[in-house]
Amino acid sequence: MMDLNKLNPYQKEAVLDESPACLVNANVGSGKTTVLTAKVRYLCEQKGVAPKDLMVLTFTNKAAGELKERIASYLSDGGQLPIVSTLNALGYDILLRNAESLGFEPKVATDMEKMQIAMQVLSEMPPIRGLNYDRLSGRGGLIARFVEMCEQYHLDAERFENDPQRADIDLKAFAEAYEKFSEATQNFITFDDQIQMCLKLFEDHPNVLQRYQRQFEYIMVDEFQDVSGDCAKFVYLLAAKNRNLCVVGDDDQSIYAFNGGSNRYLLAFAREWGAKQIVIDENFRSTQEILSMADAVISKSQRLPLKIGRAHV
């Protein structure tokens with residue numbers, strides 16, 4: 001039986017809240033992982049929710065591993081555990097399980113696998129005029145450069161062919177090599193494709209989306225300040241039927257802007273979903289002096305109201 005007295009009042013409010021949509025706005029060092037794992041335990045032990053109906057999503061394999069380990073230690077009856085996954089790993093799993101609907105079995109290829117295929121393609125063809133064969137491997141070598149050129153050609157062949165910097169390249173021979181490389185890698189998908197292809201799968205095959213909506217009655221997402229537009233849409237679609245969605249994040253940080261991440265989806269969540277907002281601003285890592293200085297720096301940024309870091313005493 002879980003002991004709620006181990007939680008501070010703010011954490012306890014978040015764990016016990018039964019609003020269909022809930023936004024937990026929590027500072028760094030405020031015990032977000034504790035809240036997520038305790039909420040899973042509360043729903044399973046106190047509210048009778050089957051673990052298989054729960055899903056917890058986060059961004060990194062390390063964070064997912066920590067969440068899974070903590071949840072397993074609480075729900076230690078040897079039964080089924082909730083799905084704990086990164087967003088991209090979930091997307092890839094959905095694609096693999098629905099390969100028939102996709103029309104092919106996708107594969108997330110490593111750079112090494114791409115380069116091995118590129119080397120095989122180039123070794124089976126006469127040297128292509130304009131490509132430097134002096135150095136094969138390494139950054140800037142022929143193989144890496146050829147893979148990069150193929151990706152550029154795929155995005156915009158006309159622009160590639162009309163680029164003055166490509167004037168010395170035998171474009172006919174390169175196009176032939178590109179076709180062979182493209183055919184050999186046609187089932188390869190990128191990191192970003194995992195979510196984008198899921199959205200397309202859901203659009204083309206609504207029955208697939210409906211199956212996952214029925215499967216997951218409760219969905220929780222950690223680090224929601226880092227989701228991209230595609231990731232936010234992916235989560236919203238999965239939660240659309242039951243609308244039991246709890247997102248946890250810190251509007252004062254966002255480290256995945258380079259990959260399309262933005263805190264604007266966290267900022268808009270309460271309004272768009274009619275979500276209850278719970279603030280956890282008690283910090284277990286820093287002194288009040290550090291927190292006050294940090295708040296003074298970021299107070300003029302776009303952020304959710306009411307959150308001022310307070311040191312735990």
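**View 1. Strand β1 and its partners, β7 and β8.** Five bridges tie β1 to strand β7 (residues 245-249), and the two run parallel. This is a predicted model, so keep that in mind through all the views. Look for Asn-25 here: its bridge partner in β7 is Gly-249. Strand β8 (residues 276-280) also runs parallel to β1, again with five bridges between them. Over on that side, Val-24 sits opposite Ile-278 of β8. As for β1 itself (residues 21-26), six of its six residues are buried. That goes for both faces: Ala-21, Leu-23 and Asn-25 are buried on one side, and Cys-22, Val-24 and Ala-26 on the other.

**View 2. Strand β2, with β6 and β3.** Strand β2 (residues 54-58) is largely enclosed by the rest of the structure, because five of its five residues are buried. Leu-54, Val-56 and Thr-58 point one way, while Met-55 and Leu-57 point the other, and all are buried. Four bridges join β2 to strand β6 (residues 218-221) in parallel fashion, and Val-56 finds its bridge partner there in Met-220. β2 also pairs with β3 over four bridges, in the parallel sense too.

**View 3. A closer look at Thr-86.** Thr-86 belongs to strand β3 (residues 83-86) and is the bridge partner of Thr-58 in β2. Is Thr-86 buried or exposed? With a relative accessible area of 7%, Thr-86 falls under the 20% cut-off, so Thr-86 counts as buried. Leaving out residues up to four places away in sequence, Thr-86 touches Leu-57, Thr-58, Phe-59, Thr-60, Asn-61 and Ala-64.

**View 4. The largest nonpolar core, and a second one.** Here you're looking at a core of 38 residues, where Ile-219, Phe-234, Tyr-236, Leu-238, Leu-245 and Phe-269 have the most contacts inside it. Helix α12 (residues 229-239) gives the most to this core, chipping in seven residues. A second, separate core has 27 residues, including Leu-36, Ala-64, Ile-71 and Ile-278.

**View 5. Around Phe-269.** Which residues does Phe-269 contact, once neighbours within four places in sequence are set aside? The list runs to Ala-21, Cys-22, Leu-23, Tyr-236, Leu-245, Val-247, Gly-274 and Ala-275. Ala-21, Cys-22 and Leu-23 should look familiar, as they are buried residues of β1.

**View 6. Aromatic rings around Phe-146 and Phe-181.** A search of the whole structure turns up 12 aromatic pairs. In the one shown here, the ring centres of Phe-146 and Phe-181 are 5.8 Å apart and the planes sit at 80 degrees, so the pair is edge-to-face. The pair links distant parts of the chain, 35 residues apart: Phe-146 is in helix α7 (residues 142-155) and Phe-181 in helix α9 (residues 171-184). Both of these Phe residues are buried. Zoom out a bit and the two join Tyr-153, Phe-160, Phe-174 and Tyr-178 in one aromatic cluster.

**View 7. Arg-243 over Trp-273.** The charged end of Arg-243 sits over the Trp-273 ring, 4.1 Å from the ring centre.

**View 8. Back out to the whole chain.** The chain has 14 helices and 10 strands, and 45% of its 313 residues count as buried. Among contacts between residues at least 6 apart in sequence, 78% join residues at least 24 apart. The accessible surface comes to about 16,900 Å², and 50% of that belongs to carbon and sulfur atoms.

Conventions: Residues numbered from 1 in each chain as written. Predicted model: local features only at pLDDT ≥ 70, side-chain atom pairs only at ≥ 80, totals over all residues. Heavy atoms only, no water. Buried < 20%, exposed > 50% of the residue type's maximum accessible area, 1.4 Å probe, protein only. Pairing = 2+ DSSP bridges. Contact = heavy atoms within 4.5 Å. Areas by Shrake-Rupley, 256 points an atom, 1.4 Å probe, with all protein chains shown as cover. Core = buried A, V, L, I, M, F, W, Y, C linked by side-chain atoms within 4.5 Å. Phe/Tyr/Trp six-rings, centres within 6.5 Å; stacked < 30°, edge-to-face > 60°. Lys NZ or Arg CZ within 6 Å of the ring centre and 35° of its normal.
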